[in-house]
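Me: I would like a close look at one part of this protein: its aromatic rings. Please go through how they pair, and then place them beside the other parts of the model.

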Amino acid sequence: MRMRKNIGGFFCAFLAAVFFMVQFALPARAETTAEDISLYATAAVLMDADSGRVLYGKNADTPLAMASTTKIMTCITILENVSLDDVLTVSAYAASMPKVKLYIQKGEQYTVKDLLYSLMLESHNDSAMALAEYVGKRYLPEELKNKDTAEYTTGESRQAMAAFAALMNEKAAELGCENTWFITPNGLDETQEVTLQDGTVVQKEHCTTATELARIMSYCLKGSPCTDTFLRITRTGSYSFSANGRSFTCNNHNSFLSMMDGALTGKTGFTNKAGYCYVGALERDGRTFVVSLLACGWPNNKSYKWSDTRELMQYGIDNYFYRSFLEDGIAFEPGRLQPIPVAGGQTDSLGGTAYTGLTVLASEDMEDGQGSAADGKGEADAEGLLMRGDEEVRVEYSVKSALTAPVKAGTEVGVVEYSVGDVVYRREKILTKETVEEIDLEWCAVQILKRFLLNSPK
């Protein structure tokens, strides 16, 4: 009996030992670091959509063909310029676009809404051209503006397309995209001769960079007045509509939407020149990450873009968390500021030195602190930033050492800057607290009189 108990106890102990050995032998999932990242894409970026900060980059600023990722700019430009309920007419040129296409036909009419779903879910090239012509013709001479699009020649259609591309390039410039150039609304590869202001003729290709493609997507998510509509369209799984006696169903080909929790939106692309491209976004725990990939393999490597996207998104999720610039230990203490002497300023008595105290105005209270990093126009007014644990916020200030009267209260005399790396993300104004008037004859007379009265015999 005792032997049976001993054997049972030994067996339990053996199982426990094996359990703990296995537990320690199995490594915990290690968090991805930047050094661990290995990508197929020729160029890639992971961006914080709120600040526009590049969290990871590979050939991030190299101009490359972008294929149908172009269509995110096409979509947002359409949304910001016309109504979803507008009805457009198809030209022969739009109908002639190559696959992938909806097979719209010359003279047919469609709503902008229906063709936007065709554009973003199925990536139809003919829908892209019909939409671009509809908006672009508004910027053509009056006779073409009023002409039925169904009667457009190829040359006239291309004029309308060029007018629309100009809108896309104007928006790209607003967002600070210096190496992006749109020629087509569907992303088909094309080269264009452009005459510069000095008369020089240069060849430009339809291209972008990984950084600027991510910036455009960030604008669609955070800066555009049409963000909600953009997301509603691009997140739809399937969309059906009827027009011109035909029925259509468009299915979303953005597989990333079902790959990771928080997947938000995205757009695929491919041409023989561009290879597989992708730009997508994920939102988790109040953080919004954008990944852009260019030249991410060629057939038969269609899945590379998904593995690259997951790897970069996971790196962002594991390593970057929000830290406020206003928390204790980081926020600038106004008490560090000493009053500034004001030369020629009025004091309570002759011979004294005038001073003005200083205060700090938070950047969100500044009249010019409008915009966001996502739209490329924002001031340095962030309240915080997604940061790695090993990153530090550097807080520096500069202020004038002396002033000359008159000085008004609220005069800017310095600045506080919050930097991470080499970039300033928050800027606060240092302002004077008090008004100091300059010495004048009236003040001198009063001071002399006060001194005479104080020194006169009683």
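Reply: Start with a cluster: ring pairs link Tyr110, Tyr117, Tyr239, Phe241 and Phe248. This is a predicted model, and the protein chain has an average pLDDT of 90, with 88% of the residues scoring at least 70. Two stretches fall below 50 in pLDDT. Residues 1-8 are one of them, with 0 contacts in the model beyond near neighbours in sequence. Residues 365-378 are also below 50, but that stretch has 34 such contacts.

Back to the rings. The count of aromatic pairs comes to 12. A pair of aromatic rings is described by two things, the distance of the centres and the angle of the planes. Take Phe241 and Phe248 from the cluster: their ring centres are 5.0 Å apart and their planes meet at 20°, so this pair is stacked. The cut-off for stacked is under 30 degrees. Phe241 has a relative accessibility of 6% and therefore counts as buried. Phe248, at 9%, is buried as well.

Tyr278 and Trp306 form a pair with another geometry. Their centres are 5.0 Å apart, but the planes stand at 70°, so the pair is edge-to-face. Tyr278 lies in strand β10 (residues 275-284) and Trp306 in helix α10 (residues 304-319); the two are 28 residues apart, and the pair links distant parts of the chain. Both Tyr278 and Trp306 are buried.

Next to Tyr278 in the sequence is a cysteine, Cys277, which is buried with a relative accessible area of 0%. A search of the whole structure finds 0 disulfides. For Cys277, the nearest cysteine sulfur is that of Cys296, 8.3 Å away. Cys220 is in no disulfide either, and its nearest cysteine sulfur, in Cys75, lies at 7.2 Å. A disulfide would need the two sulfur atoms within 2.5 Å. Cys220 has 0% relative accessibility, so Cys220 is also buried.

One more aromatic residue leads to a sheet: Tyr418 in β19 is the bridge partner of Val395. Strands of a sheet pair through backbone hydrogen bonds, either parallel or antiparallel. Here β17 and β19 (residues 412-420) run antiparallel and are joined by 6 bridges. They belong to an open sheet of 4 strands in the order β15-β20-β19-β17, with antiparallel pairing. At the edges stand β15 (358-361) and β17 (394-399); each has a single partner strand, so one side of each has no neighbour in the sheet. From one strand to the next, the twist averages 25°.

Definitions and conventions
Residues numbered from 1 in each chain as written. Predicted model: local features only at pLDDT ≥ 70, side-chain atom pairs only at ≥ 80, totals over all residues. Heavy atoms only, no water. pLDDT = per-residue confidence, 0-100. Contact = heavy atoms within 4.5 Å. Buried < 20%, exposed > 50% of the residue type's maximum accessible area, 1.4 Å probe, protein only. Pairing = 2+ DSSP bridges. Axes fitted to C-alpha atoms, helices over the stretch in contact; angles between N-to-C directions. Phe/Tyr/Trp six-rings, centres within 6.5 Å; stacked < 30°, edge-to-face > 60°.
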